[in-house]
Amino acid sequence: MRPATTPRRSTAGFTLLEVLMAAVILSVAFVSATWALSSAARTKSMYEERSYVALALAKNVYELAETLPREPSGAPGAGSADEVLALDSLVGASFSPPLKADGSEHTEMVGWRQDCTLEVFDLSDLSAPTVDDPCAGLPPDGALLYRLAVTVSQGGQPIETAHWWITP
């Protein structure tokens, strides 16, 4: 009589359980990668949108500055729309809520802020500001220019800074 032998398992393949486990692992990896890519795309879109909004808010201050009288008002460092009397009001000014180009406030933009600086530059050297005080005013046909810088931040984090040259 022949001794009983146990059936041998073939070593040339995978069991159904191994194939199912591999499929589950690959599915989880695929879903995770898709989620990470879509999250990155949403974050990038959000930052681009914030940057666009920040530049628009900075431009609002520039457009307002272009309409302001050049004669000094003696009131630098404005903190609200009603304190903006002349161009020198923008020296050290800070607005939260931000200002619109017409001088009113964006009351719906809580957490946004516009910080302004105004410096004087000589046309012969636009790389460094002069020692001239922007609050004193400038002669209209001289060789000097104002440079307005507006930094826009949201939640205390600076987002964009824009610069413009303004004639006296």
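**Salt bridges and a buried histidine**

Hi everyone, let's start with the charged pairs: there are 3 salt bridges in this structure. Please keep in mind that this is a predicted model.

One of the bridges sits in helix H1, residues 16–67. There, the side chains of Lys59 and Glu63 meet at 3.4 Å, N to O. The two residues are 4 apart, about one turn of the helix. Lys59 has 42% relative accessibility, so it counts as partly exposed, and Glu63, at 33%, is also classed as partly exposed.

Now over to the strands. Arg113 and Asp115 form a salt bridge at 3.1 Å, N to O. Arg113 is partly exposed at 36% relative accessibility, and Asp115 is partly exposed at 27%.

Then we have Arg147 with Glu119, a salt bridge at 3.2 Å, N to O. This pair links distant parts of the chain: Arg147 belongs to strand S3 (residues 144–154) and Glu119 to strand S2, with their positions 28 residues apart. Arg147 comes out at 22% relative accessibility, partly exposed, and Glu119 is partly exposed at 28%.

Next, the loop between strands S1 (94–95) and S2 (112–122), where we find His106. Is His106 buried or exposed? Its relative accessibility is 12%, so it counts as buried. Its side chain makes a polar contact of 3.3 Å with the side chain of Asn60. Beyond its sequence neighbours within four places, His106 touches several residues, including Leu57, Pro97 and Leu99.

Pro97 lies in that S1–S2 loop too, and the peptide bond leading into it from Ser96 is cis, with omega near 10°. For context, most peptide bonds are trans.

Thanks, everyone!

Notes:
Residues are numbered from 1 along each chain as its sequence is written. This is a predicted model: local features need pLDDT of at least 70, side-chain atom pairs count only at pLDDT 80 or more; totals for chains, interfaces and linings use all residues. Side-chain values use heavy atoms; hydrogens and water are left out. Buried means under 20% relative accessible area, exposed over 50%, partly exposed in between (1.4 Å probe, protein chains only). A polar contact is a pair of N or O atoms within 3.5 Å; within protein, one must be able to donate a hydrogen and the other to accept it, and residues adjacent in sequence count only if both atoms are side-chain atoms. Contact means heavy atoms within 4.5 Å. A salt bridge is a side-chain nitrogen of Lys or Arg within 4 Å of a carboxyl oxygen of Asp or Glu.
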